[in-house]
Amino acid sequence: MCSSDLKYMIITLYGPDSYRRIRKLNEIIKEYYKRHNRVSYIRFDMGDDDAMSILERFVCNRSVFGESQLIIIDNLPGGQDHKELKAILKGQMDTQNITIIINLDKKPPSIFKFIIDKAAQTQEFALLTGERLIIFIKKVAKDYGVDMDKKTIDTLINIMGGDTWRLVTEIGKLSFSIDSAIEPSSSEFYSLINILKRGPLVEQRLPALERLLSERHDDTGRIFNTVAFYPKNSNEAERLADFDVEIKSGRLEYEEVLLELALGI
């Protein structure tokens, strides 16, 4: 174990609504990069065999250049590893050195109760129901520019319940069915984005990307942010979030990421 004089800030996000949870996680990551000039970043699943040793090395081996450390933990370990991780996490909560974001699909086990009690921020993402679910659907529909009447909302809820991933995907599909109401240039942009995101063949996605970049000269940041705005599932959301971090840290350019997406790498 490294020196105990390190300061930590822990943020805990948990709950079965992974869509809203991951959106919140992405917001926190983006805000962190805005506030810190130099960031050392790592993200992993504590269920991996070597995760504990990697985490301890990352926390202990502090950069001489004073980088802020951002750690994303997407799971918690079982068995004896509970105690090891608790020893790493427990300490005086502070923003000075390390920020750890714990991202879980359910409430942390009792051994990690201190995470909830002392975390700088804790937010639960339970499945939405009733009026909160209706408000969520209306907000997504507004973001997509879709007029959603009560009958349509009721139908979506009856079919999909509180599955926010499926709801967002379906509303996204509806938005592309009303292109005639959108200004032509904007209509083409979103149609090409849809092909880039959902085209089943690389022979479809690559020409769409070429049209956006070489013929329309759309801004690469706008293209990526539009692609990332509403991911289709949690895996895609996490991948796009990682790409966003790589771009903001200067390790990747927008064009490189967009090409990877088009190629399906």
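What follows is a working chat about a predicted model of a single chain.

Me: What does the secondary structure come to?
Reply: The chain has 12 helices and five strands. Bear in mind that the model is predicted.

Me: And what share of the residues is buried?
Reply: Of the 265 residues in the chain, 43% are buried. The accessible surface comes to about 14000 Å², and carbon and sulfur atoms account for 49% of that surface.

Me: What about contacts, how many join residues at least 24 apart?
Reply: 74%, counted among contacts between residues at least 6 apart in sequence.

Me: Strands next. How many residues of E3 are buried?
Reply: Six of the six. E3 covers residues 68–73, and because every one of those six is buried, the strand is largely enclosed by the rest of the structure.

Me: Which residues are on each side of it?
Reply: Ser-68, Leu-70 and Ile-72 are on one side, with Gln-69, Ile-71 and Ile-73 on the other. Both faces of E3 are covered.

Me: Which strands does E3 pair with?
Reply: E2 and E4. Strand E2, residues 39–44, pairs with E3 in the parallel sense over six bridges. Strand E4, residues 98–104, also runs parallel to E3, and five bridges join the two.

Me: Which residues stand opposite each other there?
Reply: On the E2 side, Arg-43 has Ile-72 of E3 as its bridge partner. On the E4 side, Gln-69 stands opposite Ile-98.

Me: Arg-43 in a strand pairing. Is that side chain buried or exposed?
Reply: Arg-43 counts as buried, because its relative accessibility is 16% and the cut-off for buried is under 20%.

Me: What does the Arg-43 side chain meet in a salt bridge?
Reply: Asp-242, at 3.5 Å from N to O. Asp-242 lies in helix H11 and Arg-43 in strand E2, so the pair ties together parts that are 199 residues apart in sequence. Asp-242 itself is partly exposed, with a relative accessible area of 29%.

Me: How many salt bridges does the structure hold?
Reply: There are 11.

Me: Which residues form one within a helix?
Reply: Arg-35 and Glu-31 are one example, with their closest N and O atoms 2.9 Å apart. They are four residues apart in helix H1, residues 18–35, which means about one helical turn between them. Another is Lys-150 with Asp-154, at 2.8 Å from N to O.

Me: Where do Lys-150 and Asp-154 lie?
Reply: Both are in helix H6, residues 150–160. They too are four residues apart, about one turn of the helix. Beyond these helix pairs, salt bridges that share partners join Arg-43, Asp-74 and Asp-242 into one network.

Me: Back to the helix pairs. Are the side chains of Arg-35 and Glu-31 buried or exposed?
Reply: Arg-35 counts as exposed at 65% relative accessibility, whereas Glu-31 counts as partly exposed at 33%. For the H6 pair, Lys-150 counts as exposed at 63%, and Asp-154 counts as partly exposed at 28%.

Me: Back to H11. Where does Glu-236 sit?
Reply: Glu-236 lies in helix H11, which spans residues 234–248. Its relative accessible area is 18%, so Glu-236 is buried.

Me: What is Glu-236 in contact with?
Reply: Arg-198 and Pro-231, leaving aside neighbours within four places in sequence.

Me: H10 now. Which residues of that helix are buried?
Reply: H10 is residues 220–229, and its buried residues are Thr-220, Gly-221, Ile-223, Phe-224, Thr-226 and Val-227.

Me: What caps the N-terminal end of H10?
Reply: Asp-219 does. One of its side-chain oxygens lies 3.0 Å from the backbone nitrogen of Gly-221.

Me: Last topic, the surface. Which residues make the nonpolar patch?
Reply: Leu-206, Leu-259 and Leu-263 make a nonpolar surface patch of about 220 Å².

Me: Where is Leu-206?
Reply: In helix H9, residues 202–215. Leu-206 counts as partly exposed because its relative accessibility is 31%.

Conventions:
Residues numbered from 1 in each chain as written. Predicted model: local features only at pLDDT ≥ 70, side-chain atom pairs only at ≥ 80, totals over all residues. Heavy atoms only, no water. Buried < 20%, exposed > 50% of the residue type's maximum accessible area, 1.4 Å probe, protein only. Contact = heavy atoms within 4.5 Å. Polar contact = N/O pair within 3.5 Å; in protein donor to acceptor, adjacent residues only side chain to side chain. Patch = residues over 30% accessible without salt bridge, like charges linked within 9 Å, V, L, I, M, F, W, Y side chains within 5 Å. Areas by Shrake-Rupley, 256 points an atom, 1.4 Å probe, with all protein chains shown as cover. Salt bridge = Lys/Arg side-chain N within 4 Å of Asp/Glu carboxyl O. Pairing = 2+ DSSP bridges.
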